[in-house]
Amino acid sequence: MDEVARLLEAARGGDRDALNRLVSLFYDDLRELARRQLRREIGARTMHPTSLVHEAYMKLARGGALNAENRVHLLAIAARAMRQVLIDDARRRSSVKRSAAWKRAVLDELDTASELDADELLALDGALDELEPRQRQVVQCRFFGGLEEQEIATALGVTVRTVRRDWVKARAWLYRSLYDGSPPD
Amino acid sequence: MTGRHRIDRALRHKVEAIFDEAIELARPERERFLVVRCGADHRLRGEVHALVAAHERTAGILEGNGAAAALRALTEVNRDRRIGVYRVLREIGRGGMGIVFLAERDDGQYHQRVAVKLLHANPDAEELHQRFLAERQILASLKHPSIAQLLDGGVADGHLPFLVMEYVDGAPITTHCDHHRLDVASRLRLFRDVCAAVHYAHRNLIIHRDLKPGNILVSREGEVKLLDFGVAKLLDPAIAPTIQPLTRTGVWAMTPEYASPEQVRSEPLTTTSDVYALGVVLYELLTGRLPYNLTSRSHHAVVDAVCSQQPDRPSVVVTRPAPGAGAATADSTAPEDIARSRGVAVERLRDLLSGDLDAIVMMALRKEPAERYGSAELLWQDLQRYSDGLPVLAHRGSRLYRARRFLRRHRVESTAAAVVAASLAIGTAIAVRQAAVTAVERDRAERARAEAEQALRQSEGVTSFLVGLYDADAPVSGGGAVTAEDLLRRGAGQLEALRGQPLEQARMLEAMGRVHTSMARYAEARAKLERSLALRVAQLGHDHSEVARTLYYLSDVLRRMGEYARADSVSRQALAIRTARLGPRHPATAELLAQRAALAVYLSDLTLAEALSRRALEIRRASLDPGDPAIGASLAQHAGHLQRLGKDADADRELREAITIHQEAGGPESPDAAMLEFRLANSVVDVRGDTAQAEAMMRSALARMRGALGEQHPRTAWAMSELASLLSRRGKHGEAERLARTSFEIHRRTFGARHVRVAELARNLAMVHLRAGRLADAERVHREALRIWERTLGSTHSEYAGALGTWADILTRLERYDEAIVARKRAIDIRRRVLGPGSTVYGIDVARLAGEYAHKGDYVVADSLFRIALASQSRYVPDRHPDVRWMYGLMAERYRLAGKRAEAEQFARLAQPR
C-alpha cells in the first residue's frame, strides 16, 4: 500500500517511471478482474466497465488508504491504463489483415471484438498526446474510463462545465489531427 | 498526419479562448465576432475557423464505448490459445452465450477452419457435455447445404464447454439484402431457401427455437446458411439464459423481437414457433421494420406486445415514419430509405406488399400456433404461389377456420349399422364433441364417443387401421380432431410404406374404401375396394373369408351407387363364400343375408326380401345373445319388409321388439331405438292414419335423441326432419318449417354441400314448403337439392329419379304442367332403366304422370297411363300396399274431375286403408 502511495507521489512529481509502474499495476489488476468477472458472469453483456475500473481501483487503493488527492489521481491513472489496453489491442489487431467482407460480418447479436477501427485508435493515441493535459485527461476518463461528467469533474477537481468545454475542445482538436482537413464521408 | 497541425501553446490558448465564445453564437453572428476578435491576425482566424469547423463535424469522434471495448480487449482470448484440438485464430464475436472464434483444427491431420463457440463457464459443464453427446448425433445428422453443421463439442480447461460448428463467412440476411439493395423478388428467393432449410430440420424433428437474422447468414456468393440449429434446446435454460428471457432484474437479456407468443410465455415450442420467427424475419426483410415496437424490455411490456398487440400489415408499416426515440428497437430508417434499399419507391413498395404478401406474412405471425402455416414448407409454397401469380392460401381465412370447415364438411357419417358405423363414428363422435356447445352436450358426445370406441375395439380390422393412424408422435391436424380426410391422407401415406406387404395394403385399402363410402365418395370407394379385393384374391384365393368381407363392402358401395344388379351379384358371391366356410347358420352369413335382403327391395323382389331378412333374423336369434343389437337390426329390417307386404300388425310387433332390444342394449336414450320409434310412428300414420299419436311418438323420440346425441348430431337432424314432414302434413307449417330448416342446416354444416344426405333433407324441406303453400321457397330449395344430387350421384341414379319426382310435384303445384311432365318422364326413364318396369316406384311415377296429364286436361293420355301404372303395380305388389292405394285415390280423383262418379267411387273405396 505504501508502495502505491509512494508511486503516486512520485508520479505526480513527474516521475514517469512511477507513472508507468502504476499504470501497469492497474493494467494487470484490470485484466485479472476482467477475466474473473467473465468466468463468473454468464453473459458478456452484464460486464460493467465502470464497476470493473472501480474494482481495480479499490484493489489498488486498498479500500481508501489513499488520501483524496491520491484517489483522484488514481482514477485518472485507471483511465490511462484502459487507454493502454485498447491501444495495445489495436496494435495487435491492426497487424491482422481483414478483408472488407469480413468487416461486414457483424453477427447480429454478437458485438465485434472491437467496434473501433484499430488504425483509428492508434492515430487517436498519438493525437491524444498532443492535447493539453486536462483535455487529455477528460478524454481518457470519459472515453477509456467510462466515467460520467460529474465523476470526471470530481476526479480532476473542476466544474462539470469545465469538463464539458474541455471535451468539446478536445474532440475538435482530435478531429483536426486525425482527418487533417480530409474528413471521412 | 498529426504533425502538421502542431501549434505552440500560446497560440493554442488564444484559439481556444475565442473558440469557446464563438461556438456559443449563431452562425451569422459568429462570422462577425471572429472578424472583430481576430482583427488582422489571419493565422489566428484561420485556426479558429478550422477548429470551429472541426467541432461541427465531430459527431463521429469518440462516440463508441472505449471502456467496454477495452474490457473486451482485456478479456479477449489470445490467439493461438487451444480449445480442445482447435487452435484459435481470432475472435469473431461475442454473445449472450459465449464467445465465438475462428479456429483451426490442429492435430496434424488437416487444417479445417471452424467456428468455435466457447460457452461461459458454468458449474454444470459436465452435465452439459453429457447432454451434448446425446444430442450430437441428432444435430450432426442435419446435413443440408443451407445449415451450418454442428461438428463437435467438448469441455476446455475443465470447465468451459464449447461447440464446434462449420465456419460461415457471411452477413445476416437483413444486412445482406439491404447492402445489396435486393428487390422484393430477390429477397423472397433467399427467404425460400431459408424455409427449405428450416423445413428440412423439422422433418428431422429438430426445432431451431432461436431463428433471427443473426442466425441466418448469407455468404458473399449469395448462399444462405442457418446457424445454431437446435443449440437453443441443447443449452438448458437454467444454464444458459439466452433462452431464458429474464435476467435477475427481470429484463430481457436476449432480443425478444423474434420470439413467439408461446416462447414469451415460456410454453412448449413447436415447429410453428419456428414458422412464427420466420414470419418476423420475412416482415423485416420486406419492410425494414419489426412487427412490434418495444418501448421497454420489461417482462410485462414484452409479453403484452408479443401476445396481444396486432402488428401493422407490411404494406401499412412501410409508409409510416420512423418510430421515435422511445423505441428500443433500432428501426430508425425512414420510409424512403426502406423503399430505396428495396429498389423501388415508397408507393410502389406499398403496392407490392399489399394483398397477398400482407396476408402471407400476417398468417405466419398469428398468435395462435395452430392458426399459422403448419410448416415452413407450407409458408414457402404459398410464397411460391405468390411468385407464380397463383391464388394464395393465406387469404382463405385462418388455418383454423379452414380446419373447422374441413371438419364440418368431411365428418364421417354415422349410420345405423353396427360395427362399421361405430368405427367410422369415431370421427363423428370426436367432431361432434367439437361442435357440442355446452358441457352437457359435451358429456353426451363423450358418451357416444365411448360407445363408438367400445364397438371399435371389437372390430379387428378397423382397429388396426385406426391404431396405425392415431400415431401419437405425429399429431394429425392443428384443430385437434381427427377427420375422415386426415385418416385418408394418412392411409394414403401408409400405403406407400406397405408396398411389400399386399395383405396389409389390402386391409388399408379396404378401410379407406369404407371411409370413402361414408363420405359418399362412391367412385373412390369402389376403386379402393376393388383394389383391395384384387390383392386379397391374389394372395388368398377366391374363397377366403377376407375376400368375402371386401365383397360385402363393395356390394354396399355399388348399392349406393345405384348399381343394384351388380351389387346383388357381388353380395351373392360373398354369401357363397361365407356359407361354404362358415356354414349357413353363422352370424357372419346372416350379415350377408341382410345385405341381400336390402338389395332385393331395390330389385323389387319383396317376397325374396322378406324371406332373406327372416332367415337372417332366425340365424341371429339362434346364435347370438338375446339382447344383441344385431337381432334388433334384423328385426327392424324384417319389419320393414313386412310393412311393404302389408303385414302391418306383425311389422309393428317386430319393430317394438327391436326398440326394446336397443333400449336395453343402449339405455333408454338409445338413438337406435329412437330412430325405430320414428318408423313406428310412420307406420301408425300409414296404417291407422293417426297423425296425432304419430306426432306424440315422434316428439318423444326426438327428445330422447336430443338427449343422447345432442342438438347438432346428424341423426338428431334426421329425426327433426321426419317430425317436420309429419307436422307439415298435419298443417303445423310454422314449426315444420323451423325444424326442417334447422335439420337441413345441420346436415349441410356436417356433411358439406356434396353429400346426398343434405340433398335428401333439402327435399324434405322443399316438401314442407310445398305443403305450406310456399311454392317459391319449395321450388328454390328443391332446385338446390337437385343440384346436389346431380353433383353427387349423377343424373342417372335412381334416387335422382325420386328427386325428379318431387320436382315434378312442385312444378305441378305451380301449375307448370309441361315442365312437370318433362321432369316426370325423366324420372320414369331412369327408373325403368335402373329398376325395371316392375318396380313399385316406377308404377307410382307413371301414375303421377297420369295425374299431370289430367291436370293439363289431357284425360285420354292420363287414362291410359293410369291403367299402365296399375297393371304394373298389381303384378308385383299386393293391393293393400299404400302406394297402390294412393294410386287408386288418384284415379278416383281423376274420374271425379271427369264427372264419372261411379268409377270415382269405386276407386275411392279401394283407396281406403283396410
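A residue is buried here if its relative accessible area is under 20%, exposed if over 50%, and partly exposed in between (1.4 Å probe, protein chains only). We're working with a predicted model, where local features need pLDDT of at least 70, side-chain atom pairs count only at pLDDT 80 or more, and totals for chains, interfaces and linings use all residues. Residues are numbered from 1 along each chain as its sequence is written, and chains are lettered from A in the order in which they are written.

**Exercise 1.** Work out what percentage of chain B is buried, and how far apart in sequence its contacts reach.

Start with burial: 53% of the 914 residues of chain B are buried. Next, take contacts (heavy atoms within 4.5 Å). Among those in chain B joining residues at least 6 apart, 61% link residues at least 24 apart.

**Exercise 2.** Do the job again for chain A, and add its helices and strands.

Helices (DSSP H or I, at least four residues) and strands (E, at least two) are runs numbered from the N terminus. Chain A has nine helices and zero strands. Of its 185 residues, 49% are buried. For contacts in chain A with a separation of 6 or more, 65% involve residues 24 or more positions apart.

**Exercise 3.** Describe how H26(B) packs on H28(B).

Two packed helices are described by the angle and the distance between their axes. Axes are lines fitted to C-alpha atoms, for helices over the stretch in contact, with angles from 0 to 180 degrees between N-to-C directions. H26 (residues 587–602) and H28 (residues 629–644) of chain B have axes that come within 11 Å and cross at roughly 25°. Angles under 35 degrees count as roughly parallel, over 145 as roughly antiparallel, 65 to 115 as roughly perpendicular and the rest as oblique, so H26(B) and H28(B) are roughly parallel.

Now see who touches whom: Ala594(B), Ala597(B), Ala598(B) and Val601(B) of H26(B) meet Gln637(B), His641(B) and Arg644(B) of H28(B).

**Exercise 4.** Try H34(B) and H36(B) the same way.

The axes of H34 (residues 756–771) and H36 (residues 798–813) of chain B come within 11 Å, crossing at roughly 20°. That makes H34(B) and H36(B) roughly parallel too. Then list the contact residues: H34(B) brings Glu760(B), Arg763(B), Ala766(B), Met767(B) and Leu770(B), while H36(B) offers several, including Glu799(B), Gly802(B), Asp809(B) and Arg813(B).

Definitions and conventions: Heavy atoms only, no water.
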